[in-house]
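Student: I would like to go through this model and ask, for each label, what justifies it.
Tutor: Then let us take the labels in turn.

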4 protein chains.
Amino acid sequence: MVIVMTPGATEGEIEAVLARLGRAGLEPRLSRGAAQVVIACAGDEIGPSGLGLEALSGVASVLPSEKPYALASRETATGPTTVPLGAHAVGAGAFAVIAGPCSVEGPEMLLETARAVRDAGASALRGGAFKPRTSPYAFRGLGEPALDMLAAVRAETGLPVVTEVLDTRHVARVAEVADVLQIGTRNMQNFALLSEVGGTGKPILLKRGMSATLEDFLLAAEYVLSRGNGAVILCERGIRTFERAMRYTLDIGAVPYLKRETHLPVIVDPSHAAGARDLVPALALAAVAAGADGLLVEVHPDPDAARSDGEQSLDLETFGGMMRDVRAVRGALARVHGGDRVQDTTSAKAASSSEYRKT
Amino acid sequence: MVIVMTPGATEGEIEAVLARLGRAGLEPRLSRGAAQVVIACAGDEIGPSGLGLEALSGVASVLPSEKPYALASRETATGPTTVPLGAHAVGAGAFAVIAGPCSVEGPEMLLETARAVRDAGASALRGGAFKPRTSPYAFRGLGEPALDMLAAVRAETGLPVVTEVLDTRHVARVAEVADVLQIGTRNMQNFALLSEVGGTGKPILLKRGMSATLEDFLLAAEYVLSRGNGAVILCERGIRTFERAMRYTLDIGAVPYLKRETHLPVIVDPSHAAGARDLVPALALAAVAAGADGLLVEVHPDPDAARSDGEQSLDLETFGGMMRDVRAVRGALARVHGGDRVQDTTSAKAASSSEYRKT
Amino acid sequence: MVIVMTPGATEGEIEAVLARLGRAGLEPRLSRGAAQVVIACAGDEIGPSGLGLEALSGVASVLPSEKPYALASRETATGPTTVPLGAHAVGAGAFAVIAGPCSVEGPEMLLETARAVRDAGASALRGGAFKPRTSPYAFRGLGEPALDMLAAVRAETGLPVVTEVLDTRHVARVAEVADVLQIGTRNMQNFALLSEVGGTGKPILLKRGMSATLEDFLLAAEYVLSRGNGAVILCERGIRTFERAMRYTLDIGAVPYLKRETHLPVIVDPSHAAGARDLVPALALAAVAAGADGLLVEVHPDPDAARSDGEQSLDLETFGGMMRDVRAVRGALARVHGGDRVQDTTSAKAASSSEYRKT
Amino acid sequence: MVIVMTPGATEGEIEAVLARLGRAGLEPRLSRGAAQVVIACAGDEIGPSGLGLEALSGVASVLPSEKPYALASRETATGPTTVPLGAHAVGAGAFAVIAGPCSVEGPEMLLETARAVRDAGASALRGGAFKPRTSPYAFRGLGEPALDMLAAVRAETGLPVVTEVLDTRHVARVAEVADVLQIGTRNMQNFALLSEVGGTGKPILLKRGMSATLEDFLLAAEYVLSRGNGAVILCERGIRTFERAMRYTLDIGAVPYLKRETHLPVIVDPSHAAGARDLVPALALAAVAAGADGLLVEVHPDPDAARSDGEQSLDLETFGGMMRDVRAVRGALARVHGGDRVQDTTSAKAASSSEYRKT
């Protein structure tokens with residue numbers, strides 16, 4: 001069970017909830033967000049209705065849940081969540097492709113890429129200013145100057161910007177520029193960072209840790225959600241397995257599994273999973289066919305000259321071809337289903353917007 | 001390098017090839033098939049042309065290869081291989097769905113399932129007579145009587161039969177009935193069995209071992225191919241990873257990777273990977289979009305009452321809906337590409353039939 | 001619950017047991033061994049005592065078990081099992097090192113190795129006559145002639161012989177020579193082979209499948225046990241993981257875990273796990289310290305010239321040094337514990353020999 | 001190749017090195033530490049001697065290396081590194097056990113545990129003030145008050161303190177109290193945090209990421225080393241695999257592998273790997289026998305009442321018994337080898353102390 005307090009709830013009101021839970025023999029845990037306090041209880045046997053919590057002052061809602069990720073769980077939501085992406089959105093039938101270079105290498109290449117991916121149908125621009133790299137001797141991104149380039153290209157192209165943040169101390173600065181803050185696979189369980197970005201109110205693109213179970217993944221999202229920030233996009237990007245012929249193993253089953261478990265949008269990054277550009281389009285189409293709400297794709301005007309991840313970046317033309325195929329598959333499935341496949345199965349519950357919808 | 005001898009090559013001709021290879025400092029290995037002898041050499045530095053092997057009596061062809069799976073490799077083939085499936089086929093643009101119950105439970109349920117999957121568009125019937133089960137106390141199939149039921153249902157419906165063989169001593173008997181012999185995931189490296197089925201000349205459906213690398217997988221196919229049997233269908237069915245939310249992790253990337261490496265058809269079993277029927281259609285569509293040549297799907301008239309694998313079997317109606325979606329995705333991709341996507345990329349090489357084509 | 005019938009139980013007696021179980025709403029499964037019939041029931045709620053099965057004619061014993069591997073489970077045994085190994089034994093405090101070449105390459109190298117490992121303290125000789133190889137072009141062992149060499153070297157050195165069998169059709173022939181039949185990692189779920197070797201009455205060395213869970217492993221042993229053959233040695237040999245710096249990842253935790261779960265002896269193969277000879281002694285010592293009942297080690301007089309697995313084979317001198325360290329660690333632990341560590345913890349239950357002890 | 005600059009090297013001197021490398025066609029990368037600048041070059045074909053870098057002003061040393069982790073590599077060190085641990089040390093033959101509760105729960109339990117583990121032979125106290133937890137609703141440690149308790153108990157018992165830091169913003173505060181800063185498995189690739197702790201000059205206990213390859217692990221250490229901090233202790237703690245019978249799979253082979261690759265000390269955490277207290281002593285002994293330089297063990301006065309990780313914590317008495325066995329195994333191996341096993345194999349190179357030794 002999760003109790004969500006109203007934004008202005010007082011300490012006294014919070015204490016009253018904790019006291020009632022304590023008297024019922026439960027062990028409440030508190031998560032303080034910027035705008036909101038969330039109280040969770042592991043023990044659910046009594047059931048929320050027996051405690052009369054809804055009637056207490058300062059309580060916004062009480063969500064019964066048997067899942068450890070109560071806020072992320074589908075069962076506590078009224079329908080799928082839509083996360084805004086500039087003028088577009090992702091989730092609940094809205095499909096979005098976020099494309100761009102692995103790292104921002106300069107203003108010209110960024111602008112060229114942004115224009116090309118926009119014209120091919122992308123909804124947002126990705127580009128790394130701060131890059132996590134396995135080796136300390138590898139190129140780690142241009143840093144702050146790259147943020148300025150991203151802002152300039154957004155102004156020029158209208159594409160919202162998705163970029164990664166690595167350090168709690170950079171969150172405020174990156175959030176000034178980014179439309180969506182990305183948390184990378186290696187930081188999926190950097191809980192300090194999750195809490196910090198949760199507090200910004202910005203949409204978060206959360207990449208699955210390369211060895212995170214789907215439960216770990218949803219609990220990482222729960223860190224952000226419990227801070228009062230419901231705009232989380234989940235991104236499957238491949239997991240580590242014994243098979244090393246490709247860079248990672250894309251867990252395509254995660255797409256329908258997550259759609260069943262959570263109301264949050266689920267997108268796929270075929271680039272990191274494949275690690276080889278010739279395999280990227282097939283994985284992207286697989287993701288679309290499996291029901292993903294979007295894609296995150298590395299694109300570079302000259303992949304062989306890229307300063308990072310060139311081997312898995314698509315050139316502009318190949319990206320255009322991939323987008324054509326993506327539209328074909330989506331269109332075909334929409335025609336046979338008379339609308340979004342996933343939306344269909346949830347339309348009864350989706351009458352109103354999600355509790356955690358950001359718009 | 002691989003030297004394929006002509007079907008009637010004499011021992012003297014074989015010896016002459018071995019002698020020439022030995023004089024060149026190479027270590028030839030011999031694989032004797034029912035119809036054919038294949039000689040492989042690991043060392044490839046000299047190059048086949050320098051040895052004049054093509055001119056030797058009894059030599060059918062000399063295939064240069066840097067891959068350890070020389071016969072399975074795309075580089076030694078003139079194009080994608082088509083494997084016959086009764087009146088249909090799989091590979092080189094021909095798409096096939098093989099559907100039916102995990103195990104044959106009786107004549108009525110088998111016939112009912114066969115008719116339904118045929119009417120929904122399936123090309124072949126699957127059904128286990130001999131079942132490998134993790135526990136010795138689990139239902140292990142009806143055995144030989146099930147073979148007779150499969151034959152009867154084929155006569156009734158026209159669907160060719162795909163069924164598994166577990167023991168070298170059963171191969172001849174199962175091959176009397178089966179149109180395609182299936183080798184299960186737990187026997188992918190049962191090399192005695194691979195050699196035995198290779199000798200039957202029947203098409204082989206080879207399922208990937210749950211912890212087999214793609215190289216292991218292709219080398220297992222090579223066991224069959226080196227016996228002179230070129231009709232091998234590769235089947236990705238999920239691998240074992242740390243993620244246990246689903247039964248296995250479908251390695252969707254294996255589809256484009258294998259299509260790049262080998263001329264053999266590649267199909268996908270979404271049922272075993274998912275382990276849960278509600279996830280099967282999404283995985284099936286993903287496989288189609290990724291370029292698979294077919295699907296292997298568990299279907300049962302009453303999944304909840306199935307004696308094995310009920311939790312992952314589709315009922316007849318859901319299977320029908322899945323087939324409609326499969327056709328939609330295939331049709332959409334065919335329209336944008338003006339033909340099969342994979343075939344396009346290989347059409348230049350595919351002028352003639354494959355060296356190992358079975359027809 | 002598992003019901004073990006007496007060796008001469010009649011079909012009528014068996015039917016009577018099945019009927020009583022059926023009336024109680026249970027679903028009994030039958031496993032027929034050469035000497036014995038075993039009946040297992042998944043449902044255990046009623047409890048064996050309530051059914052009066054012990055009083056039925058032909059019932060040898062009724063073993064309550066909540067584990068799917070009832071016969072392998074520690075809870076159904078009166079103590080740890082000892083498996084005979086020629087004049088030696090393994091299990092229940094008896095420690096054994098089985099050493100020798102990966103494959104038998106000829107009589108001289110085999111005799112030289114056997115003498116050296118015997119003098120260094122090994123209890124048995126390993127050597128492959130039939131070798132499972134990932135590639136069909138690799139050396140697959142000398143076959144039957146190697147069996148004769150193994151028999152000759154046993155006569156000369158007194159060392160019992162452990163050798164692998166790959167094909168159900170070879171079991172009888174290999175069992176004529178072998179003191180212990182080895183089932184390799186790739187055949188751990190070759191259920192036809194497990195049943196066949198179970199019927200020989202010979203001790204079985206069962207290697208863990210490279211992607212087998214410990215439950216899968218114990219269920220594979222259950223296949224042999226349910227055939228009436230209780231002399232199974234379990235061998236951990238490394239599992240497949242994302243880490244490929246070594247050939248496999250030795251699952252050292254499997255040793256104490258299996259010792260807790262089963263009465264069967266547990267040994268470790270450090271050679272295949274390491275895949276590199278310089279790492280073998282450290283893994284061997286780790287296994288001993290973790291409580292293993294023995295080791296299976298590849299040794300070759302000239303590892304660099306070995307026809308298979310040379311990179312992970314110890315030379316004779318290094319093997320001798322390793323054995324000295326093994327004795328030191330075992331001696332030290334025996335001194336502080338006043339006997340075998342594992343035996344200590346089970347001595348209360350181990351008053352009599354195990355139900356399935358082979359002597 | 002790695003060029004280590006002298007502590008006071010000027011920007012001009014650094015520029016001169018970069019210029020010479022650039023003229024040779026190499027791509028130098030710079031890592032700036034608190035006390036030191038390190039320059040690395042991927043391309044190593046020319047060889048350092050040909051460039052005359054040693055003669056340049058401001059160059060402390062030039063280390064040829066073919067490994068991506070040049071500073072961590074054994075080949076660039078003169079011998080094994082010793083890391084100080086209060087009055088004790090770890091590495092180069094010095095063995096250390098770091099023990100204590102998962103999280104600091106209060107002053108009394110901490111003091112009781114510290115006294116007990118010290119008396120049983122532990123060299124340092126572990127205890128979490130800030131705890132990374134998979135769920136946002138789980139107990140995340142007492143925070144700063146726990147740091148004060150750790151300092152008080154150190155004053156009382158003399159045991160140095162090892163505690164984890166999660167956030168770059170906490171590093172300075174935690175470093176005031178901790179003798180060793182711990183980086184947890186989920187932060188192994190939190191590169192911002194690695195750089196920050198590298199700058200403190202404090203010894204770092206770096207836990208292997210649960211899906212980190214050994215190369216990833218050494219590159220994470222390289223982040224710290226390249227900041228001029230050579231006092232890194234590597235800790236194997238189990239990796240994620242398909243086997244979930246235990247919490248993680250202890251990669252025991254990592255111990256000898258890392259000892260071969262790096263000069264840094266390698267310790268093992270058997271508690272997190274096992275996830276069950278009855279398996280911990282066997283894993284600890286395995287680690288010692290495999291050559292580990294120390295252990296990190298969770299100990300609690302009343303494990304069943306622990307607020308975190310109780311199921312895998314040893315009680316005080318079991319810890320004492322384990323320590324007795326650890327001493328027995330170490331003593332036995334020392335006797336047969338006449339000193340530390342690993343030290344023996346490196347004594348020729350270990351004439352002087354390591355370049356990166358912290359004392």
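Tutor: Start with pairing: two strands pair if DSSP finds at least two bridges between them. The model is a predicted one.

Student: What makes β1 (residues 2-5) and β3 (residues 37-41) of chain B a pair?
Tutor: Three bridges join β1(B) and β3(B), in the antiparallel sense. The criterion is at least two bridges, so the two strands count as paired. Ile3(B) has Ile39(B) of β3(B) as its bridge partner.

Student: Which sheet has the order β2-β3-β1-β4 in chain B, and why are β2 and β4 called edge strands?
Tutor: That order belongs to an open sheet of four strands with antiparallel pairing. In chain B, β2 (28-32) and β4 (59-63) are its edge strands, since each pairs on one side only. From one strand to the next, the twist averages 20 degrees.

Student: How do you know that β7 to β14 of chain B form a barrel?
Tutor: The eight strands close in the order β7-β8-β9-β10-β11-β12-β13-β14, and their pairing is parallel. On average, neighbouring strands of this sheet are turned by 25 degrees against each other, direction ignored.

Student: What makes β13 (residues 266-268) and β14 (residues 294-298) of chain B a pair?
Tutor: β13(B) and β14(B) share two bridges in the parallel sense. At least two are needed, so the pair qualifies. Gly294(B) in β14(B) is the bridge partner of Ile267(B).

Student: Which strands does helix α10 (residues 316-337) of chain B touch, and what is its direction?
Tutor: α10(B) packs on the sheet, touching β7 (96-100) and β14 of chain B, and its direction makes about 170 degrees with that of β14(B). Helix α3 (residues 144-157) of chain B lies across β8 (124-126) and β9 (161-164), running at about 165 degrees to β9(B).

Student: Why is α2(A) called oblique to α3(A)?
Tutor: Helices α2 (residues 107-120) and α3 (residues 144-157) of chain A pack at about 40 degrees, with their axes 10 Å apart. Roughly parallel requires an angle under 35 degrees, and roughly perpendicular begins at 65. The angle falls in neither class, so α2(A) is oblique to α3(A). Their crossing is right-handed. The residues in contact include Leu110(A) and Leu111(A) of α2(A) and Met149(A) and Leu150(A) of α3(A). By class, this contact has seven nonpolar, one polar and three charged residues.

Student: Why is α9(C) called roughly parallel to α10(C)?
Tutor: The angle between α9 (residues 280-290) and α10 (residues 316-337) of chain C is about 20 degrees, and their axes are 10 Å apart. The limit is under 35 degrees, so α9(C) is roughly parallel to α10(C). This crossing, too, is right-handed. Among the residues that meet are Leu285(C) and Val288(C) in α9(C) and Met322(C) and Val326(C) in α10(C). The contact has nine nonpolar, one polar and two charged residues.

Student: What makes chains C and D related as by a two-fold rotation axis?
Tutor: A turn of 180 degrees, with a shift of 0.0 Å along the axis, lays chain D on chain C with an RMSD of 0.0 Å. The two copies are therefore related as by a two-fold rotation axis. In chain D, Ala286(D) has the C-alpha nearest the axis, 2.0 Å from it. Of the contact residues of chain D, 100% recur in chain C, and the same surface serves both copies.

Student: What rotation and shift superpose chain C on chain B?
Tutor: The rotation is 180 degrees with 0.0 Å of shift along its axis, and the RMSD is 0.1 Å. Ser211(C) has the C-alpha of chain C nearest that axis, at 2.8 Å.

Conventions. Residues numbered from 1 in each chain as written. Chains lettered and ligands numbered in written order. Predicted model: local features only at pLDDT ≥ 70, side-chain atom pairs only at ≥ 80, totals over all residues. Heavy atoms only, no water. Least-squares fit on C-alpha atoms with pLDDT ≥ 70 in both. Contact = heavy atoms within 4.5 Å. Axes fitted to C-alpha atoms, helices over the stretch in contact; angles between N-to-C directions. Parallel < 35°, antiparallel > 145°, perpendicular 65-115°, else oblique. Left-handed = near helix turned anticlockwise from the far one by under 90°. Nonpolar A, V, L, I, M, F, W, Y, C, P; charged D, E, K, R; others polar.
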